[in-house]
Amino acid sequence: MKYIEFSNDGLVLIKLSDKDALKYKKNIEQELNKSKRFQLRADFAASGQKILEEIYFYYINLLYNLTGLENLCISGGVALNSLANGKIKNKSKFKNIYFFPACGDDSIAVGAAYLAYYNDHKKRVIIKDQMPFFGKNYSNNDILKSFKKNSNIKYYKSKNKYKDSANLLNNGEIIAWFQGKSEFGPRALGHRSIFANPKSYKIKKYLNKKIKQREMFRPFAPAVLYKYQKEYFSSSDYLPYMSQVVYVKNDKISEIPAVTHIDNTARVQSIDERNEELNKLLIEFYNISKLPVLLNTSFNIKGMPIVENPDDALDCFNKSAIKYLVIGDFICKK
């Protein structure tokens, strides 16, 4: 490539100087035509992604050549690049790939804890199939205390929150969902989420403009019952952390347009009994709609972090255009 030089000993030289990059950025900002400026920004971002992928796959293949192993574990901030992650199997000989769910700076705490344990006990900890729901658990009593601070919110206690929520989603409603312990890492994996029926492209536009208040091109992730994943997506790998972008199958694109990106890809989240709360909701939704997929995005709006506690949830609900909030065993409606 024009701006990269690879060596045989693992060194990579980036030949694009900071000065040249800033000059190009300045040229973009000075473009007066709005649509052309957007296209230039998109081209710049795509070029950065291409360069990143070239370097990423270079090191991955170098690692394979050095070890000959078929298993690969990846962490660090670049491991959040789900687009690149989805190409690793096609670009390398690794067969089994694991991405740590909190692979940014927050993973340093986990690494430090593992190192301390190993130094103390001289053995490693092996944890299998543990979902990263490590936050505090809030009871119905905790939620009721938050309701008392928000007397404007109307709510009722549901006898079956999964079935009631599935009915709302099937009827085209968007719901905020607050259940159990919060996720460790940047992805909303079904405990602090906003859900919608992926059948309508209009829902995607409404979510981006009215609720998330972000750019219209931004995609949303599909949460899919794992047993049906092969019917809808190109990968049969278990992908519980939204760590990889894969293709939506051609005959399913029209079924789930709200979670299909412009290039017919999606950042899939595989759901089974290991993700208990979302699994129950998806099963109920499938029973009603015969669709095993929900649109899943983080429970927050522009300028706010993902909600953590009931007060956060009610505050975000009040400030957003969301009509329904399912929090604990309660359903709130505006």
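Start the tour with the cysteines: the disulfide count for this structure is zero. Select C73, which is in no disulfide; the nearest cysteine sulfur belongs to C103 and lies 12 Å away. Keep in mind as you look around that this is a predicted model.

While C73 is selected, switch on the surface. C73 is exposed, with a relative accessible area of 65%. Next, jump to C332. Here the closest cysteine sulfur is that of C316, at 13 Å, which is too far for a bond. C332 counts as buried, at 0% relative accessibility.

**Next stop: helix α10**

Select residues 276-289 to bring up helix α10, which has 14 residues. From its first C-alpha to its last, α10 reaches 20 Å, close to the 20 Å expected at 1.5 Å a residue. Now show the side chains of E277, L278, N279, L281, L282, E284, F285 and S289: these residues of α10 are buried. As you look at how they are spaced, it helps to recall that an α-helix has 3.6 residues a turn, so residues three or four places apart point the same way.

What do the buried residues of α10 pack against? Colour these elements to find out: α7 (161-170), β6 (175-178), β7 (192-196), β8 (221-225), β11 (269-271) and β12. Before you leave the helix, click on K290, just after α10, where phi is positive at about 65 degrees.

**A neighbour in α7**

Move across to S165, which sits in helix α7. Is S165 buried or exposed? S165 is buried, with a relative accessible area of 0%. Beyond its neighbours within four places in sequence, S165 is in contact with I175, W177, L281 and V326. Among these contacts, L281 takes you back to α10, where L281 is one of the buried residues.

**Into the largest pocket**

Now centre the view on F217, R218, P219, H261 and R267. Of the 42 residues that line the largest pocket, these lie nearest its centre. The elements giving two or more residues to this lining are α2 (34-67), α3 (82-85), α8 (201-211), β10 (265-267) and β12 (293-298). Highlight α2 in particular, since the largest share of the lining, seven residues, comes from α2. The volume of this pocket is about 1300 Å³. If you colour the lining by residue class, you should find 22 nonpolar, 10 polar and 10 charged residues.

**The second largest pocket**

Select Y98, F99, P101, I127 and Y241 next. They lie nearest the centre of the second largest pocket, which is lined by 33 residues. Here β3 (71-74), β4 (96-99) and α5 (107-121) are the elements that give two or more residues to the lining. This pocket holds about 980 Å³ of space. Its lining divides into 20 nonpolar, seven polar and six charged residues.

**Last stop: a cavity**

How many cavities of 30 Å³ or more does the structure hold? There is one, and about 60 Å³ of space lies in it. To see its walls, select A79, L80, N85, F99, F100, P101, C103, R187, Y241, M242 and S243. By class, this lining has eight nonpolar residues, two polar and one charged. Some of these names will be familiar: F99, P101 and Y241 line the cavity and also lie among the residues nearest the centre of the second largest pocket. C103, whose sulfur is the nearest to that of C73, is part of the cavity lining as well.

Terms used: Residues are numbered from 1 along each chain as its sequence is written. This is a predicted model: local features need pLDDT of at least 70, side-chain atom pairs count only at pLDDT 80 or more; totals for chains, interfaces and linings use all residues. Side-chain values use heavy atoms; hydrogens and water are left out. On a 1 Å grid over the protein atoms alone, a cavity is a set of points where a 1.4 Å probe fits but cannot get out, and a pocket is an open set with protein on both sides within 12 Å along at least five of seven lines; lining residues have an atom within 4 Å of a point. Grid points are joined across faces, edges and corners, and a volume is the space filled by probe spheres set on the points. Helices (H or I, at least four residues) and strands (E, at least two) are DSSP runs, numbered from the N terminus. Ala, Val, Leu, Ile, Met, Phe, Trp, Tyr, Cys and Pro count as nonpolar, Asp, Glu, Lys and Arg as charged, and the others, Gly among them, as polar. A disulfide is a pair of cysteine sulfur atoms within 2.5 Å. Buried means under 20% relative accessible area, exposed over 50%, partly exposed in between (1.4 Å probe, protein chains only). The expected span of a helix is 1.5 Å times one less than its number of residues. Contact means heavy atoms within 4.5 Å.
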